[in-house]
Amino acid sequence: MRAKKSPKKSPSLISPTGVIKLVTHTMMGAALGLGFGLALSLSNPSVANLLNHGGNQAVIVFVLTLVTTFAIGATLTGIVFILAEDKEF
């Protein structure tokens with residue numbers, strides 16, 4: 001006798017729920033990047049000095065670099081978490 005095969009479910013990463021989870025992870029990473037940038041500029045006088053003398057462009061590049069880096073990292077981590085959640089060990 002054969003065991004019934006369950007129908008293949010589509011990966012939840014492609015579903016609307018998966019996209020919402022992924023966007024949530026991305027936004028959490030962006031918020032962490034902003035918080036880390038603020039904490040770094042307040043706690044490290046040399047970073048604050050560089051930002052003060054660099055002008056507006058230096059601040060924008062600093063913030064965008066941190067936010068983008070943290071957002072990409074959180075998105076990739078979110079993909080791993082969502083795919084691991086689908087396996088249901």
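I'll start with one residue, M27, which is exposed, with a relative accessible area of 57%. M27 lies in helix α1. Together with V19 and V23, M27 makes a nonpolar surface patch of about 270 Å². Before going further, please keep in mind that this is a predicted model.

Now the whole chain. The protein chain has 3 helices and 0 strands, and along the sequence the pattern reads α-α-α. There are 89 residues in the protein chain, and 20% of them count as buried. The chain exposes about 7,100 Å², with 71% of that supplied by carbon and sulfur atoms. As for contacts, take those between residues at least 6 apart in sequence: 75% of them join residues at least 24 apart.

Back to helix α1, which runs over residues 16-43. Helix α1 has 28 residues. From its first C-alpha to its last, α1 reaches 40 Å, close to the 40 Å expected at 1.5 Å a residue.

M27 showed us an exposed position on this helix. Which residues of α1 are buried? They are G18, L22, H25, G29, G33, G37 and S41. These buried residues pack against α3 and against α2, which covers residues 45-54.

Let me take one residue from that list, H25. Its relative accessible area is 19%, and buried means under 20%, so H25 counts as buried. What does H25 touch, leaving aside its neighbours within four places in sequence? The contacts are A74, G78 and F81.

Next, the aromatic rings. A search of the whole structure finds 1 aromatic pair. The partners are F36 and F70, with ring centres 5.5 Å apart and planes at 35°. Why is this pair called tilted? Planes under 30 degrees apart count as stacked and over 60 as edge-to-face, so an angle of 35° makes the F36 and F70 pair tilted.

Where do the two rings sit? F36 lies in helix α1 and F70 in helix α3, which spans residues 56-87, so the pair ties together parts that are 34 residues apart in sequence. Both partners are partly exposed: F36 has a relative accessible area of 40%, and F70 has 29%.

The other pair I want to show is charged. How many salt bridges does a search of the whole structure find? It finds 1. The side chains of E85 and K21 meet there, at 2.8 Å from N to O. This pair links distant parts of the chain, with E85 in helix α3 and K21 in helix α1, 64 residues apart.

Are the ends of the salt bridge buried, exposed or something in between? Partly exposed means between 20% and 50%, so E85, with a relative accessible area of 46%, is partly exposed. K21 is partly exposed as well, at 31%.

To go over helix α1 once more: M27 is exposed, while H25 is buried. F36 of α1 pairs with F70 of α3, and K21 of α1 is linked to E85 of α3. The buried residues of α1 pack against both α2 and α3. That is the end of my part.

Note on methods: Residues are numbered from 1 along each chain as its sequence is written. This is a predicted model: local features need pLDDT of at least 70, side-chain atom pairs count only at pLDDT 80 or more; totals for chains, interfaces and linings use all residues. Side-chain values use heavy atoms; hydrogens and water are left out. Helices (H or I, at least four residues) and strands (E, at least two) are DSSP runs, numbered from the N terminus. Buried means under 20% relative accessible area, exposed over 50%, partly exposed in between (1.4 Å probe, protein chains only). Contact means heavy atoms within 4.5 Å. Patches are made of residues with over 30% relative accessible area and no salt bridge: like charges are joined within 9 Å, nonpolar side chains (Val, Leu, Ile, Met, Phe, Trp, Tyr) within 5 Å. Accessible areas come from the Shrake-Rupley method with a 1.4 Å probe; for residues, only the protein chains shown count as cover. A salt bridge is a side-chain nitrogen of Lys or Arg within 4 Å of a carboxyl oxygen of Asp or Glu. Rings of Phe, Tyr and Trp (its six-membered ring) pair if their centres lie within 6.5 Å; planes under 30 degrees apart count as stacked, over 60 as edge-to-face and the rest as tilted. The expected span of a helix is 1.5 Å times one less than its number of residues.
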